[in-house]
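Please load the model in your viewer and keep a selection tool at hand. The tour below goes from one selection to the next and says what is there.

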Amino acid sequence: MSETATEPSAPEGGQPAEQPPAQNEPTGDAPLGAAGEKALSEWKARARAAEKATKEHAARLQEIEDRDKSEVQKASERATKAEQRATAMVERAARAEVRALAADKFADPSDAAAFLNVGEFVDDDGEIDSKGIEKALADLLKRKPHLGKEAAPPSFDGGARTTAAKPASMNELIRQQAGAS
């Protein structure tokens, strides 16, 4: 052992002594200060510039790739993209149909759309099977009744209310007691 190295010593009980926390250790998030704020804003600006450059490079690369494609390939890609958009719109319409049909029976209609596979209710022509959705919603409520709306709370209304009589003034009460009314 060298003389410069020190070993932690244990007190008589054999347990190491607790060391006080160092004064320079941060205890949480400290304010950045002026220099830190300046550095942070510079990094954010650099990140925005890099993102913009990446988008520009991607657009340029797409232009170069498109230039080398034949018209048939370009038309095929446009058709594929249009088909994907149409499929997404049909799925969105099916989800909307599920939410609309579930609105009166489910506490949160979006839960019904989450539990059902809406693709099952769309045929090859893009038509939505509303009857199938209704059956699936009824089955879902049987399996998971906690998704349904709660029953209306009981009414404790005792019936129709009558309006209170006009309060008598003190003068009228005195006249009634005196029999002068």
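In which helix does Glu97 lie? Select Glu97 and you will find that the residue lies in helix H2, where helices (H or I, at least four residues) and strands (E, at least two) are DSSP runs, numbered from the N terminus. Before going further, please keep in mind that this is a predicted model, in which local features need pLDDT of at least 70 and side-chain atom pairs count only at pLDDT 80 or more, while totals for chains, interfaces and linings use all residues. Residues are numbered from 1 along each chain as its sequence is written, and side-chain values use heavy atoms, with hydrogens and water left out.

**Around Glu97**

With a relative accessibility of 25%, Glu97 counts as partly exposed, a class that sits between buried (under 20% relative accessible area) and exposed (over 50%), computed with a 1.4 Å probe and protein chains only. Now add Ile133 to the selection: Glu97 and Ile133 are 36 residues apart in sequence, and their C-alpha atoms are 8.3 Å apart in space. Add Glu134 as well, which has its place in helix H4 and is partly exposed, with a relative accessible area of 39%. The C-alpha atoms of Glu134 and Glu97 are separated by 9.9 Å, although the two residues are 37 apart along the chain.

**The whole chain**

Zoom out and colour by secondary structure, and the protein shows five helices and zero strands, so that, read from the N terminus on, its elements run α-α-α-α-α. Colouring by accessibility instead gives another view, in which buried residues make up 9% of the 181 residues in the protein.

**The largest nonpolar core**

Next, select Val98, Phe106, Ala112, Leu116, Leu137 and Leu140, which touch the most other members among the 14 residues of the largest nonpolar core. A nonpolar core is here a set of buried Ala, Val, Leu, Ile, Met, Phe, Trp, Tyr and Cys residues joined through side-chain atoms within 4.5 Å. Helix H2 (71-102), H3 and H4 each supply at least two residues of this core, and the largest share, four residues, comes from H4. As a general background, nonpolar side chains tend to be buried together in soluble globular proteins.

**Salt bridges along the helices**

The structure holds four salt bridges, a salt bridge being a side-chain nitrogen of Lys or Arg within 4 Å of a carboxyl oxygen of Asp or Glu. Begin with Glu51 and Lys55, whose closest N and O atoms are 3.8 Å apart; both residues lie in helix H1 (residues 33-68), four residues apart, about one turn of the helix. Glu51 counts as partly exposed at 47% relative accessibility, whereas Lys55, at 56%, counts as exposed.

Stay in helix H1 and select Glu63 and Arg60, which lie three residues apart, about one turn of the helix. These two also form a salt bridge, with the closest N and O atoms 3.4 Å apart, and Glu63 is partly exposed at 49% relative accessibility, as is Arg60 at 45%.

Then move to Glu91 and Arg95, which form a salt bridge with 3.7 Å between the closest N and O atoms. Why are Glu91 and Arg95 separated by about one helical turn? They are separated in this way because they stand four residues apart in helix H2.

**A patch of negative charge**

Select Asp123, Asp124, Asp125, Glu127 and Asp129, which gather in a patch of negative charge on the surface. Patches are made of residues with over 30% relative accessible area and no salt bridge, like charges being joined within 9 Å and nonpolar side chains (Val, Leu, Ile, Met, Phe, Trp, Tyr) within 5 Å. Of this patch, Asp129 lies in the loop between helix H3 (109-115) and helix H4 (130-143), and Asp129 is partly exposed, with a relative accessible area of 40%.

**Helix H5**

The last selection is helix H5 (residues 170-178), which lies largely in the open because the number buried among its nine residues is zero. Met170, Leu173 and Ile174 form a nonpolar patch on the surface, with about 310 Å² of accessible area together, areas of this kind coming from the Shrake-Rupley method with a 1.4 Å probe, with only the protein chains shown counting as cover for residues. One of these, Leu173, lies in helix H5 and counts as partly exposed at 39% relative accessibility. Finally, select Gly179, which follows H5 and has a positive phi, near 80°.

Methods: Lys, Arg positive; Asp, Glu negative; His and termini not counted. Charge placed at Lys NZ, Arg CZ, Asp CG, Glu CD.
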